[in-house]
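Please open the model in your viewer and keep the sequence panel beside it. This tour suggests what to select at each stop and says what is there.

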Amino acid sequence: MGNKNSCCSYASPTPVRKTPRDAALPETPEFNCQIPTSEPNLPHISEREPDDGEADDPSVDPSAATMFLERSKQCLENGMTRKKSQHQIAPQAGGLKKSSSCSTIYLDDSTVSQPNLKNTVKCVSLAIYYHIKNRQSERRLDIFDERLHPLTRDPVPESYGSHIPEHRQIYKFVRTLFNAAQLTAECAIITLVYLERLLTYAELDIAPCNWKRIVLGAIMLASKVWDDQAVWNVDYCQILKDITVEDMNELERQFLELLQFNINVPSSVYAKYYFDLRTLAEANDLTFPSEPLSKERAQKLEAMSRVMQDKFTAEALKNGVKKWSSMDNINSQGQSARRSVAILS
């Protein structure tokens, strides 16, 4: 610090190519503290291009079809329908669909940036159900086998691996974990992404004997990657009383290794899974409830629309396009009214 002769103050001199005449002269030692730039910078994981083997992986490639939606279509093509229950279908007043009118506007409160928690967990549970029902084979790993690593002290019956769990049973298990750990709806979508990535990378299938531990590992990893307040493994032991911390640690370690430590989820992949879950919900009558548009929410939507309008107006003026003012934008003094671009919250 402060030394004018420091090697870091000046760039290193360009090396001079020796000629045969001065080859015998003694060499003067030179110091070079510059960082070598011969090797290219390593890209961030979010900027990593998918490999050739990942081109058809739905958890990485946004153009690839999701596995759960493809397997759900198999039941519809074969004429099979899932048994519906009042617990799974959102109730509607009078059994009629709510429609907007001049006095009341009904909107779905679930968006890609803020999904509805309850309905998202229902859709993810339904996707897991179709994964189990339409599995292609019986490829398994011991770490996920509940008969080898039970989640409860009660012995696992011999016929445990032959009965496909109902959607209600899967939803109850996932909902219990999300409610106890206070996880978000976005975490449920990431859970499904990790689950399908595991099935693709490890080349295994989710079956009646391993679905709970696979879902548990995906939820545990998604909560640590997505949520700011991560849930510790010991916290899951408080939810599942009979499981040990050592078992949870080993489950997490092997899950990460099978994912090849690829925990990145691009925003395009996340959006694809969200809209495919909505498609799955519509195909199975899992309707997203509509709520009346409140005055506060209408003000927020109006404020956001004004922001976009001001943005487009600024771009139009920049490109030389003349904007005509309407009477709504003119005040009593004949001047253009100035509007705030702040979004209400």
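The stops below go from the whole chain to a pair of helices, then to a single residue and finally to a loop.

This is a predicted model, in which local features need pLDDT of at least 70 and side-chain atom pairs count only at pLDDT 80 or more, while totals for chains, interfaces and linings use all residues. Residues are numbered from 1 along each chain as its sequence is written, and side-chain values use heavy atoms, with hydrogens and water left out.

**The whole chain**

Begin with the cartoon of the full protein, which has 9 helices and 2 strands; helices (H or I, at least four residues) and strands (E, at least two) are DSSP runs, numbered from the N terminus. Along the sequence, these elements follow the pattern α-β-α-α-α-α-α-α-α-β-α. Of the 345 residues, 35% count as buried, where buried means under 20% relative accessible area, exposed over 50% and partly exposed in between (1.4 Å probe, protein chains only).

**Helices H2 and H4**

Next, select residues 117-133, which form helix H2, together with residues 185-201, which form helix H4. The two helices pack at an angle of about 15° with their axes 8 Å apart, the axes being lines fitted to C-alpha atoms over the stretch in contact, and angles running from 0 to 180 degrees between N-to-C directions. That angle makes H2 roughly parallel to H4, a term for angles under 35 degrees. If you show side chains, those of H2 that meet H4 include Leu117, Val121, Val124 and Ile128, and among their partners in H4 are Ala188, Ile189, Leu192 and Leu195.

**Val193**

Staying in H4, select Val193, which counts as buried because its relative accessibility is 0%. Leaving aside neighbours within four places in sequence, Val193 is in contact with Ser59, Val265 and Tyr273, contact meaning heavy atoms within 4.5 Å. You can also draw a C-alpha to C-alpha distance from Val193 to Ile263, which are 70 residues apart in sequence and 9.6 Å apart in space.

**The loop between H7 and H8**

Finally, move to the loop between helix H7 (245-258) and helix H8 (267-283), and select Gln260 within it. What is the sign of phi at Gln260, which is not a glycine? Gln260 has a positive phi of about 55°, and at 55% relative accessibility it counts as exposed. Phe261, found in the loop between H7 and H8, has a positive phi of about 60° although it is not a glycine, and Phe261 counts as exposed at 54% relative accessibility.

Notes. Angles under 35 degrees count as roughly parallel, over 145 as roughly antiparallel, 65 to 115 as roughly perpendicular and the rest as oblique.
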